[in-house]
Amino acid sequence: MDKVEQLNRRLEEMNLVGYWGIPRTEVFEPVCSFAPNIWRWKDVSDALREAGEILPPGQSFRRFIAFKSPGKARTTHTVALGLQLVKPGEIAEAHRHTMGAIRFVLEGGGAQTTVEGEPFPMERGDLITTPNWTWHDHFNGSDRPVIWLDGTDRPLLDLLEIGFGELFSERQQMITKPVDSAIYELAPVRAGRLSSARVQSPPYRYRWKDTERALKILGEKAGDPFDGLLLRYVNPLTGGFTLPTFSCEIQMLRPKEETRLHRHTSSAIYHVFEGRGFTVIEEQRFEWEKGDTLTVPLWRWHRHGNNSGEPAILFAMNDRPVMESLGFYREEATEWR
Ligand SMILES: [Fe+2]
Ligand SMILES: [Fe+2]
């Protein structure tokens, strides 16, 4: 054993490391730890329905199937998405955690999420936020099963080791506010005393009827060259991102619309809410249709297209707020498709 090797061993025993053993790299760029992937609606929804039949009662809170990138534990390195099935009459007990979460309703209606005492009805296409440390519980008071997409910043919080969670004293919260309180409290006509200085976003319900109308009216105009018509679900108080840790967006590709290639340091999860189309991620082409979910890793060239005669609507979740707020957001564009 030569002297350098002896020194390396001694350092190892003292929990130290000499950098001379690490290959030198001065020129580098991000290499994403997960590959792009697509999950088909039929596979995921069949499995969820099967879980609904075979899991014993009392497991309803965990009747959740998460998308995990091949070989990984989570959907992306920063955000996680999955599907929750809640049967008629079931309650998910009140709790809170440092994870910021969203629900985007796919099937069924008539369920309710209560956040900080405010009831948020859940209809197809509604997006409901439960920001960091807000009490929340769910109840399906309808006579149909409800399926929603459930997204969180759990992978990022695991990295930061900042997980706190606790149960509420009762199974459900007391309702202390009327329906749509947040919508009117935070409307353009609102009390002057509201401060926008806080980091956390307010709990909010973005009603599908409003989003759909916005897509219809704004869809008459030219879209973004890289994203088609892209609308962000913004913090109603500040106009900033949905939550400090991730952004939710709704994206419409008009019939025959194709976007240009670009890449950026945020990574995204897309869920096809309506229609069909395709996404090209470097050498791979993914054809998608209603209900499919796919991931676009950071810093990969990608573009989207709708080769059908109907509009395609994608729900998206990405970690751009984290990249922007820390000064790591970069984007590169091309002129071509
Ligand atoms: Fe939760
Ligand atoms: Fe993009």
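**Exercise 1. Decide whether His-136 is buried or exposed, then work out its role at the iron ion (ligand 1).**

Step 1. His-136 has 1% relative accessibility and so counts as buried (buried is under 20% relative accessible area, exposed over 50%, partly exposed in between, with a 1.4 Å probe and protein chains only).

Step 2. Keep in mind that this is a predicted model, where local features need pLDDT of at least 70, side-chain atom pairs count only at pLDDT 80 or more, and totals for chains, interfaces and linings use all residues. Residues are numbered from 1 along each chain as its sequence is written, chains are lettered from A and ligands numbered from 1 in the order in which they are written, and side-chain values use heavy atoms, leaving out hydrogens and water.

Step 3. The NE2 atoms of His-95, His-97 and His-136 are the protein donors of ligand 1, 2.2 Å from the iron (donors are N, O and S atoms within 2.8 Å of the metal, or 3.2 Å for Na, K and Ca; water is not among the atoms, so sites may look incomplete).

Step 4. His-95 sits in strand β4 (residues 91-97) and His-136 in strand β9 (residues 136-140), so this pair ties together parts 41 residues apart in sequence (strands are DSSP runs of E, at least two residues; helices are runs of H or I, at least four; both are numbered from the N terminus).

**Exercise 2. Find which residues hold the iron ion (ligand 2), and their spacing.**

Step 1. Look for His-262, His-264 and His-302: each gives its NE2, lying 2.2 Å from the iron.

Step 2. Along the chain, the spacing reads H-x1-H-x37-H.

Step 3. His-262 belongs to strand β15 (residues 262-264) and His-302 to strand β20 (residues 302-305), so the pair links parts 40 residues apart in sequence.

Step 4. Check burial: His-262 counts as buried at 1% relative accessibility, and His-302 is buried with a relative accessible area of 1%.

**Exercise 3. Trace the order of the six strands in the open sheet, and say which stand at the edges.**

Step 1. The order is β1-β19-β16-β21-β14-β13, with antiparallel pairing (two strands pair if DSSP finds at least two bridges between them).

Step 2. At the edges stand β1 (38-39) and β13 (229-233); each has a single partner strand, so one side of each lacks a neighbour in the sheet.

Step 3. Now go inward: β14 (residues 247-253) and β21 (residues 312-318) pair over seven bridges, and Leu-253 has Ala-312 as its bridge partner in β21.
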